[in-house]
Amino acid sequence: MSEDSGCFWIKFEGEKRLATENLAVGIQAYKEKLVTYKKREYRIWDPYRSKLASAILNGVPVHSLCYGASVLYLGASTGTTVSHVSDMVGSGGAVFAVEHTSRVARELMERVARHRPNVTPILQDARRPSEYFSVFGRMDVVYCDIAQPDQTEISINNCKKYLKPGGTLFLVIKARSINVAKNPGDIFRSEISKLQDFDVLHNVDLRPYHKDHAMVLGRYCHHETNL
C-alpha cells in the first residue's frame, strides 16, 4: 500500500487499485468495495464511475484536495465522487455539493451527506452562485462536472465568486454536452482558451475510462474583492 496525497494505492484482488480512507466507516456510497488494512478502512475508487479517479490515473495531481481543504463541487449528482472528495479533505475539510435536480439531490443526501458531516448539499442551479446561501468565504478548490453547453462559463463565474486567489479549479470538459458534431480535441482547446484568469497546469484526456471527456487543472490568478 502507498499514499499519494489524499488517496491511496491498495493491492486488491491481485491488482493495485486507487482508494480513499473511509470517513464513514462501514458505509458504502455506491456499492464500492471496502478493504481493511492495519485497522483502517479504505474504499476502492472506480475510475469508470468517477472522472476524478480517471484523471488521477491519467496523471492529474490532486495535492489541493488535502486534509482541511474547502471544496465547492458543482454537479454533485448522487455523490459518487463527492464521497471520495469527502474522504480526502477529511473531518477538517468541507465539501459544498451543488446539485440542481431535486430527485438526484435526495439520493445525494441519503447516500452521502447524512453519513458525512463535512458534506453540505445545496439544491441550486450552478448558474446562480449568489444563491448558495450556505456557502461563506473563499474556497480552496472549485470542482466542476456539469453537462451544459456553457459549463466552462459557469465554472468561471463560480470561481470569481468563491475561489481563493491561488486556488485550484478542476474542470471536466464534456465535449458532447458542448457540441455533438465538432471534434472533441477542438472543443477542449476552445474551452481551455476561455480560462484567461487561470494558469492551466494540466490538461488530460480521460480515455479509456470516459470517452470525449477531458480534465483541466488550473490555478486561479485573478483577484476579486467582492463576495
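Strands S3 and S5 (residues 40-44) pair in the antiparallel sense, with three bridges between them. Strands here are DSSP runs of E with at least two residues, helices are runs of H or I with at least four, and both are numbered from the N terminus. Two strands count as paired if DSSP finds at least two bridges between them. If you want a spot to look at, find Thr20, whose bridge partner in S5 is Arg43.

Before going on, keep in mind that this is a predicted model, where local features need pLDDT of at least 70, side-chain atom pairs count only at pLDDT 80 or more, and totals for chains, interfaces and linings use all residues. Residues are numbered from 1 along each chain as its sequence is written, and side-chain values use heavy atoms, with hydrogens and water left out.

S3 (residues 15-21) also pairs with S2 (residues 7-12), again antiparallel, this time over five bridges. S2 and S3 make a hairpin with two residues between them, and Glu13 in that turn has a positive phi of about 55°. Right by the turn, Phe12 has Glu15 as its bridge partner in S3.

Now for another sheet. Seven strands form an open sheet in the order S8-S7-S6-S9-S10-S12-S11, and the pairing is mixed. S8 (119-123) and S11 (198-205) stand at the edges with a single partner strand each, so one side of each has no neighbour in the sheet. Ignoring direction, neighbouring strands of this sheet are turned by 15° against each other on average. Within the sheet, S6 (residues 70-74) and S7 (residues 94-99) run parallel and are joined by five bridges. One of the pairs to look for is Tyr73 with its bridge partner Ala97 in S7.

Helix H2 packs on this sheet, touching S6, S7, S8 and S9 (139-144), and its direction makes about 165° with that of S7. Contact means heavy atoms within 4.5 Å, while the angles run from 0 to 180 degrees between N-to-C directions, using axes fitted to C-alpha atoms, for helices over the stretch in contact. Another helix, H6 (residues 184-192), lies across S10 (163-174), S11 and S12 (213-220), at about 160° to S10.

How many of the ten residues of H2 are buried? Ten of the ten are, so H2 (residues 80-89) is largely enclosed by the rest of the structure. Buried means under 20% relative accessible area, exposed means over 50%, and partly exposed is in between, with a 1.4 Å probe and protein chains only. Just after H2 comes Gly90, with a positive phi near 70°.

Thr81 is a good residue to zoom in on. Thr81 sits in H2 and has a relative accessibility of 7%. Its side chain makes a polar contact of 2.7 Å with that of Ser50. A polar contact is a pair of N or O atoms within 3.5 Å; within protein, one must be able to donate a hydrogen and the other to accept it, and residues adjacent in sequence count only if both atoms are side-chain atoms. Leaving out residues up to four places away in sequence, Thr81 touches residues including Trp45, Leu52, Tyr73 and Tyr143.

Trp45 and Leu52 turn up again in the largest nonpolar core, which has 35 residues; Trp45, Leu52, Leu65, Phe170 and Met215 touch the most other members. Such a core is a set of buried Ala, Val, Leu, Ile, Met, Phe, Trp, Tyr and Cys residues joined through side-chain atoms within 4.5 Å. Among the elements that each supply at least two residues of this core are H1 (51-57), H2 and S6. A second, separate core has 29 residues, including Leu72, Ile146, Leu195 and Ala214.

H1 also holds Ser54, which is buried at 0% relative accessibility. A polar atom of the Ser54 side chain lies 2.7 Å from the backbone oxygen of Lys51. Not counting residues up to four places away in sequence, Ser54 touches Pro47, Leu206, Tyr209 and His210.

Finally, take a look at the loop between S8 and S9, where you'll find Gln124. Gln124 is buried, with a relative accessible area of 13%. Its side chain and that of Glu131 share a polar contact of 3.3 Å. Beyond its neighbours within four places in sequence, Gln124 is in contact with Val98, Glu99, His100, Glu131 and Tyr132.
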